[in-house]
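Visitor: I'm new to this one. Can you walk me through it?
Guide: Sure. Take a look first, then ask away.

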Amino acid sequence: MCGIIGVIDRNQELMDGSNIRNALAVMDERGSGEGSGYVAYGVYPDYADLYALHIFYDTIIEPKEQVEELLENWGMIEEDEEIPTYEQSRMEKAHIPWRYFFRPNRKLMSQSSTPDDDIVTHIVMTINTSIQGALVFSSGKNLGVFKASGWPKEVADFYRIEDYEGYIWLAHNRYPTNTSGWWGGAHPFNLLNWSVVHNGEITSYGTNKRYIESFGYRCSMFTDTEVVAYQMDLLVRQHNLPLHLAVRALAPPFWDEIDRMDEKNRDLNRAIRLTYGSAMMNGPFAIVVATQDAIVGFSDRIKLRPLVAGTHEDRLYISSEEAAIRTMEPAISHITMPKAGEPVIGRVIT
Amino acid sequence: MAVYTINAENLHYTPLNQMIRKAVRDGYDEIIIDNVMGQRFIADGLTGSVKLTIHGVPGGDLGMFMSGPTCIVHGNAEHAPGNTMDGGCIVVFGTCGDATAHSMRGGKIFVRDDIGYRGGIHMKEYQEKRPALIIGHQARAFLGEYMAGGLLILLRRGENDIYAERGIGSGIHGGMILIRGEVDDWCLGVGAKKTTAQREEMDIITPYVHEFCSWFDEDPDTYLSSSFSCIKPASARPFVNKYTWE
Amino acid sequence: MSIGARPMRFLVTIDPDQCMLCGRCIENCPYGTFRMENNKIKVYSRNCVACHRCISQCPRDAISLIERPVDYRSHPVWTAKTREDIYNQAETGRILLGGMGNTIDYPIIFDRMVLDACQVTNPSIDPLREPMELRTYIGKKPKKLDFLVNEAGDVDLKTELVPNLQIETPIMIGHMSYGAISLNAHISLARAATASGTFMGTGEGGLHEAIYPYQKNMIVQVASGRFGVNIDYLNRGAAIEIKIGQGAKPGIGGHLPGEKVCQDVSCTRMIPEGSDAISPAPHHDIYSIEDLKQLVRSLKEATEWKKPVFVKIAAVHNVAAIAAGIARSSADAVVIDGFKGGTGAAPTVFRDNVGIPIETAVAAVDAKLRYQGVRNEVSIIASGGIRNSADVTKIIALGADAVYIGTAALIAMGCRVCGTCYRNLCPYGIATQRPDLVARLNPDEASVNVENLIHAWTLEISELMGAAGINSIESLRGNRDRLRGYMLDQTMLDVLDIKPVGA
């Protein structure tokens, strides 16, 4: 059920999407042709300090009007256009993907310490819950999600991802159960600079959803993966947890392991579990999360999903299968199987 | 020795397996498969005594239900190689993923380096059908979970500290796990009992260790000269005390 | 006597072929149902309360018992009980008292909710062979954590956590006072709680010195009567619980009939022997929510902020708003007692008609606290008719952190729920102070029985969680998605915030 792959070039050297397209297709057995998606960081260098909002429109009449009115209320649309797509014979173009390069008016949320991000989050939640026929599926700076209902190669060719160049790529091949084949249900899920690809099913979804919604996020994608993006945003952006501790909150060590740690680590880990118990994720999962300066991959604590990592020079690859990594980088030298629950992190070299 | 070579590049597993079966029917003793990149189900359900040499990374369920042939992998195997394997031999010059030898019921698997989680889960045996999984370096948690029979040997090449992965032999009710070196007590799973391997147990594993070393060109004494921990069932009914009739 | 005798409640018969005249029934029954006359055992069924003591001791299974041997003409409105309550009150002019929990046949919401299990799309987890974490921490949690990260990347925790109770199973033993139950019963429960890695409530009767060895697992109660409350008592407990109310009789205080106030009880509670111990309805120093905050802080100051303080309320209509107030009062947990909660003695009109079900109370409180962003301030402990491990699992899925069991723990020690606790004649030595009866309860055995019950339920909860693909109780808590309502109307589904089966 689902195949995932992610790569970061730590020197921020750009890669086009052709390679990851082939790698994802190697894992076609893991999908069902009902959803694939890609996200790339660094794809809009000319608009690097504007928010690139990707929106699925059912029609470009009423929904578009309402979205643009909302955007104009909260800031300025510097540029916008339909995202170029190329017809694929077996894929139905169910939505019109559009992109806006948007600058929020931060004076409108002056009470916040991160007004731009809060404005954009508010816009995303509002559009996705109350504007019919419009869905924001990418809302970060200098990054873009490209996804649809179709096989990896079809979706890649639909957007021509080989025309985009990024230093971080994530990709996902979906085998859906909860919602068959609607474009919004494909991965990656994105909010601001957080993008998530996920293989598995979160049995704690009900708990996580209640937790995250009490902080103002709204789950509108009918898919459990959504909570991962929001929880990362809450823990890292809002609560300032170091990245590896945010992962620790989502996939904590067992109590019997914590009991056997030295006092400092015991208190630290216990505090994390007590405070963030409702954010903890249960069920099988292999997840890769990307943000503008890192990718992090981790699996559930009892390793119910496969996860493989590989490094080559300054690139880190994380995937469900080694074969997918080798397809992207035949010269890959160092392949490992990360331990259950422990994050593999690749950061941009500063 | 008639040899048949297949180039598996960009080949889906169904036509690949068809080519393998045809070669077996045509009487070839050895089949070499090059450029394997993630194809699943290679040698599934294969019987006979053919020798398969695989170059590359075979995908999940390598040799599932296989009963007789020998599969040699020059590369890493992914998820569940030897799944429900009935007989024959798999040799991996590399690592294997999670659920290696799941439900294995016969035959031998030799892994040069590491395996993932739940290795040998639910291995079984009956009379002379006694499967064996021998691992050269490391294995992750839940090794030998639900073990009902068979032999699991973890050699831990180059490791001298105590083995500390949880859930060893969790639910074991038959069979035996031999781990070179010391094992932390908290790692034992439900119903597992640990002792130091005695002469009797060492005699059982010696031929397997020799065979492992002959595949990977190593010296058996580097392993056999060490002490091994032996994990066996504490009882045949580890959960009898959990249930009461209504 | 114009009203005349009412029919017997129970008819007891002894099979003469089976009976061996051992006389155990006579010896054991404190209610006077059996007498030896002319070498035969004579039965006075009118005295019988269906406590089953005789049946439990008869070596030949010679005793039969039926309820309501005499039929009234049946009537749906004027039931037998309704008629007899009126006869009673016409004769006495008094408030009807009764024991144990609600006797009206309200639908049980637990029995209208079903649990989920995993099939294919994610795997069940095997609690027999893989880790299953039921450990729970009861107390106040921080909303977020602050860390100090130095240049080398070392991380230090800045936020300090306040004391929490660590329990290894989400089942705790609820407050039943020494006085309402015997000292042997208290000792048995205390031992069982300690052995099970959980906690027990003292009830409002103070902490007898025989329980001091188990004080690390005791939650001491401060009720409106302030019985036995001194600084030593407060310091001995692992936590302190302010009892505002209880589910069996919301709005009124505890009631210990004078029959049960023996010398020891008189000493612990500091009231005259033989007098009824009726606790005041409110705490007379708490007339509003800010007064509660004052009492909570006073207790914390007195015990140097080392002990979590819980507040127990009965489940009433605006329980959610009350809990939100408690969450802001510095309290560490809110205990909610639903309308099916048990009691040694309560006016039956309260027991049967006042209060709301625990399922809806927990659902409403959890939702309200989350909505206001204060769910981390208090743990929610649920009680009131928790009958089995399925009830525990369901109430945790609705949002509770843990449960208190009361009646179930007594049943584990032998109680047959005859409901006559107020007569001080409990033949099992549980709800009595009569020394000869108390002696019948052996703490060595009874504590093991209660421990067994907790252990068995804990195993079952592990199985239910594993089947739902969850290996840590944090992921079950508030996970309403794993419940479905079966034959509940839409309004009730909305209150519980669960979907109907099939959805």
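Visitor: How many residues does the contact between chain B and chain A take from each?
Guide: This is a predicted model, to begin with. Chain B puts 24 residues into the contact, and chain A puts in 23 residues.

Visitor: And what area is buried between chain B and chain A?
Guide: About 1,800 Å². Carbon and sulfur atoms give 48% of that.

Visitor: How many salt bridges are there between chain B and chain A?
Guide: Five salt bridges. In one salt bridge, the side chains of R40(B) and E321(A) meet at 3.1 Å, N to O.

Visitor: What about residue pairs in polar contact there?
Guide: Ten residue pairs, with both partners at pLDDT 80 or more. On the chain B side, the touching residues split into nine nonpolar, six polar and nine charged.

Visitor: Switch to chain C. How many of its residues are in contact with chain A?
Guide: 41 residues of chain C, and they meet 41 residues of chain A. Together the two chains bury about 3,400 Å². Of that area, 57% is on carbon and sulfur atoms.

Visitor: Which residues in chain C lose the most area to chain A?
Guide: E133(C), R370(C) and E474(C). Together they make up 18% of what the chain C side buries.

Visitor: Which residue does E133(C) meet in a salt bridge?
Guide: R273(A), at 2.9 Å, N to O. Across the interface of chain C and chain A there are seven salt bridges. The count of residue pairs in polar contact is 22, both at pLDDT 80 or more.

Visitor: Back to chain B. What domains is it divided into?
Guide: Domain 1 covers 1-94 and domain 2 covers 96-238. Their C-alpha centres lie 25 Å apart. The contact takes 19 residues from domain 1 of chain B and 22 residues from domain 2 of chain B.

Visitor: What area do those two bury between them?
Guide: Domain 1 and domain 2 of chain B bury about 1,600 Å², with 56% of it on carbon and sulfur atoms. On the domain 1 side, D86(B), F93(B) and G94(B) lose the most area, together 27% of what that side buries.

Visitor: Which residue meets D86(B) in a salt bridge?
Guide: K129(B), at 3.2 Å, N to O. The count between the two domains of chain B is two salt bridges. The interface also has 16 residue pairs in polar contact, both at pLDDT 80 or more.

Visitor: Now the domains of chain C. Where are they?
Guide: The assignment gives domain 1 at 10-94 and domain 2 at 169-500. The C-alpha centres of these chain C domains lie 32 Å apart. Each gives eleven residues to the contact.

Visitor: How many salt bridges between domain 1 and domain 2 of chain C?
Guide: Zero. The count of residue pairs in polar contact is six, both at pLDDT 80 or more. The area buried between these domains is about 1,000 Å², and carbon and sulfur atoms give 52% of it. P30(C), Y31(C) and R53(C) supply 51% of the area that domain 1 of chain C buries there, more than any other three residues.

Visitor: Last topic, the largest nonpolar core. Which residues touch the most other members?
Guide: I395(C) and I430(C), out of 108 residues in that core. Leaving out residues up to four places away in sequence, I430(C) touches several residues, including I181(C), L410(C), M413(C) and L441(C). There is also a second, separate core of 64 residues. Among them are Y205(A), Y211(A), I272(A) and V155(C).

Note on methods: Residues are numbered from 1 along each chain as its sequence is written. Chains are lettered from A and ligands numbered from 1 in the order in which they are written. This is a predicted model: local features need pLDDT of at least 70, side-chain atom pairs count only at pLDDT 80 or more; totals for chains, interfaces and linings use all residues. Side-chain values use heavy atoms; hydrogens and water are left out. A nonpolar core is a set of buried Ala, Val, Leu, Ile, Met, Phe, Trp, Tyr and Cys residues joined through side-chain atoms within 4.5 Å. Buried means under 20% relative accessible area, exposed over 50%, partly exposed in between (1.4 Å probe, protein chains only). Contact means heavy atoms within 4.5 Å. Buried area is the accessible area (1.4 Å probe) that two parts lose on being put together, summed over both. A salt bridge is a side-chain nitrogen of Lys or Arg within 4 Å of a carboxyl oxygen of Asp or Glu. A polar contact is a pair of N or O atoms within 3.5 Å; within protein, one must be able to donate a hydrogen and the other to accept it, and residues adjacent in sequence count only if both atoms are side-chain atoms. Ala, Val, Leu, Ile, Met, Phe, Trp, Tyr, Cys and Pro count as nonpolar, Asp, Glu, Lys and Arg as charged, and the others, Gly among them, as polar. Domain bounds come from an automatic or database domain assignment.
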